[in-house]
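Visitor: I would like to go through the geometry of this model with you, one feature at a time. Could you show me the sequence and the structure before we begin?

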Amino acid sequence: MATMKDIAKLAGVSTSTVSHVINQSRFVSEAISERVNQAASQLNYTPSALARSLKVNRTNTIGMLVTTSTNPFFGEVVKGVERSCYHQGYNLILCNTEGDHERMRQSINTLLQKRVDGLILMCSSLEGERIDVFDKYPDIPVVVMDWGPMLFTSDKIQDNSLRGGYLAAKYLIDCGHTQVGCITGPLAKHQAQMRYEGYKRAMNEAGNEFKANWIIEGDFECEGGYNALHKMVEKGPLPSAIFVCNDMMALGVINAAAELGIKIPDQLSIIGYDDIHIARFMTPALTTIHQPKYRLGKAAVEALLQRLENSVEESQVVQLEPTLVERHTVKKLSLS
């Protein structure tokens, strides 16, 4: 690989002159600049991004850590992050933690050693963890997405899950359902708890009865929804409607209902959460709560760049509002 020293030798100038031409850091006569550029072209010289990053103390690279899931929600958020990075002239390095504490710490160390300008974390399985490595790099900005209480300072981008859970349950109630169950996510996770709290708020507001048999804790995966409906059936009569706290579990519920001969929405209405791309292609198409996934990713990148430009001082929480998407899995009952 050619170096500036090789160009200088071929062009018959000093290495510093080559540097000034390549980096446009000082005026060099047109004749000498042309000789240097011709020599660089002849030697197929490519400027070193690493050397330049060391000089300006920026690599224009962002690191992102995400926990792998079969849920396409994460992929849709990452797409928003990657596209926003591209539009802002940044590269993205993506690492998968697989929910493992040690792997997460090693990935953070690796990214910081590669001199990324900032980090985006989307690893809710590690909620509440203290991450000591951040103490070694206090100047590296960190943005956390969809995460609960944290033991380190950072900007935070999240969906208003309390509002979303309330919207979902209230829609079922407004459609005439008084018997409304809930298949929650893992309640140790902040966002799952908030969606459940929103459901309870709507039920209390309407004066509807809670039944323990109609509340099942799931795992945010298809299998969790599939198993939850089977458990609900075993425990006794089903409610007329269920708020399923994410679309992947709703897919599992639809599958289990088909096996059990339960017609959706004629015998059981369901509403999901996330509005993943395949929700509209389920049979029947899923009524759900839309999370602005692309905007979540875009907001994370924007918050990180604001922090890099020192345009904000205090840690900020950016909360994006969910909306209802009506499709075909909720039956409207007579309210008379």
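Visitor: How are α5 and α12 oriented relative to each other: roughly parallel, roughly perpendicular or oblique?
Guide: In this predicted model, helix α5 (residues 72–87) and helix α12 (residues 293–308) pack with their axes 7 Å apart and at an angle of about 45°. Angles under 35 degrees would count as roughly parallel and those from 65 to 115 as roughly perpendicular. The angle of about 45° lies in neither class, and the two helices are therefore oblique.

Visitor: Is the crossing of α5 and α12 left-handed or right-handed?
Guide: Two packed helices are described by the angle between their axes and the distance between the axes. For α5 and α12 those values are about 45° and 7 Å, and the handedness of their crossing is right-handed.

Visitor: Which residues of α12 are met by α5, and how many residues of the contact are charged?
Guide: From α5, the residues Phe 73, Glu 76, Val 77, Gly 80, Val 81, Arg 83, Ser 84 and Cys 85 take part, and they meet Lys 293, Tyr 294, Leu 296, Gly 297, Lys 298 and Val 301 in α12. When the residues of this contact are sorted by character, seven are nonpolar and three are polar, while the number of charged ones is four.

Visitor: How many aromatic pairs are found in the whole structure, and what is the arrangement of Tyr 199 and Phe 210?
Guide: The search of the whole structure finds four aromatic pairs. In the pair of Tyr 199 and Phe 210, the centres are 5.9 Å apart and the planes make an angle of 85°. Since planes over 60 degrees apart count as edge-to-face, the arrangement of Tyr 199 and Phe 210 is edge-to-face.

Visitor: Where do Tyr 199 and Phe 210 lie in the chain, and which of them is partly exposed?
Guide: Tyr 199 belongs to helix α9 (residues 190–206), whereas Phe 210 sits eleven residues away in the loop between α9 and β7 (215–217). Tyr 199 has a relative accessible area of 1% and is therefore buried. With 31% relative accessibility, the partly exposed residue is Phe 210.

Visitor: Which residue joins Tyr 199 and Phe 210 in one aromatic cluster?
Guide: The cluster contains the edge-to-face pair of Tyr 199 and Phe 210. Its further member is Tyr 196.

Visitor: Which peptide bonds are cis, given that one leads to Pro 265 and another to Pro 284?
Guide: Most residues other than glycine have a negative phi, and most peptide bonds are trans. Pro 265 is in the loop between α11 (247–260) and β9, and Pro 284 is in the loop between β9 and β10 (288–290). With omega near 10° in one case and near -5° in the other, the cis bonds are those from Ile 264 to Pro 265 and from Thr 283 to Pro 284.

Visitor: What is the phi of Asp 274, and what is the phi of Asp 275?
Guide: Asp 274 lies in strand β9, and Asp 275 in the loop between β9 and β10. At 3% relative accessibility Asp 274 counts as buried, and Asp 275 counts as buried at 10%. Neither residue is a glycine, yet phi is positive in both: near 125° for Asp 274 and about 60° for Asp 275.

Methods
Residues are numbered from 1 along each chain as its sequence is written. This is a predicted model: local features need pLDDT of at least 70, side-chain atom pairs count only at pLDDT 80 or more; totals for chains, interfaces and linings use all residues. Side-chain values use heavy atoms; hydrogens and water are left out. Axes are lines fitted to C-alpha atoms, for helices over the stretch in contact, and angles run from 0 to 180 degrees between N-to-C directions. Helices (H or I, at least four residues) and strands (E, at least two) are DSSP runs, numbered from the N terminus. Angles under 35 degrees count as roughly parallel, over 145 as roughly antiparallel, 65 to 115 as roughly perpendicular and the rest as oblique. A crossing is left-handed if the near helix is turned anticlockwise from the far one by less than a right angle, and right-handed if clockwise. Contact means heavy atoms within 4.5 Å. Ala, Val, Leu, Ile, Met, Phe, Trp, Tyr, Cys and Pro count as nonpolar, Asp, Glu, Lys and Arg as charged, and the others, Gly among them, as polar. Rings of Phe, Tyr and Trp (its six-membered ring) pair if their centres lie within 6.5 Å; planes under 30 degrees apart count as stacked, over 60 as edge-to-face and the rest as tilted. Buried means under 20% relative accessible area, exposed over 50%, partly exposed in between (1.4 Å probe, protein chains only).
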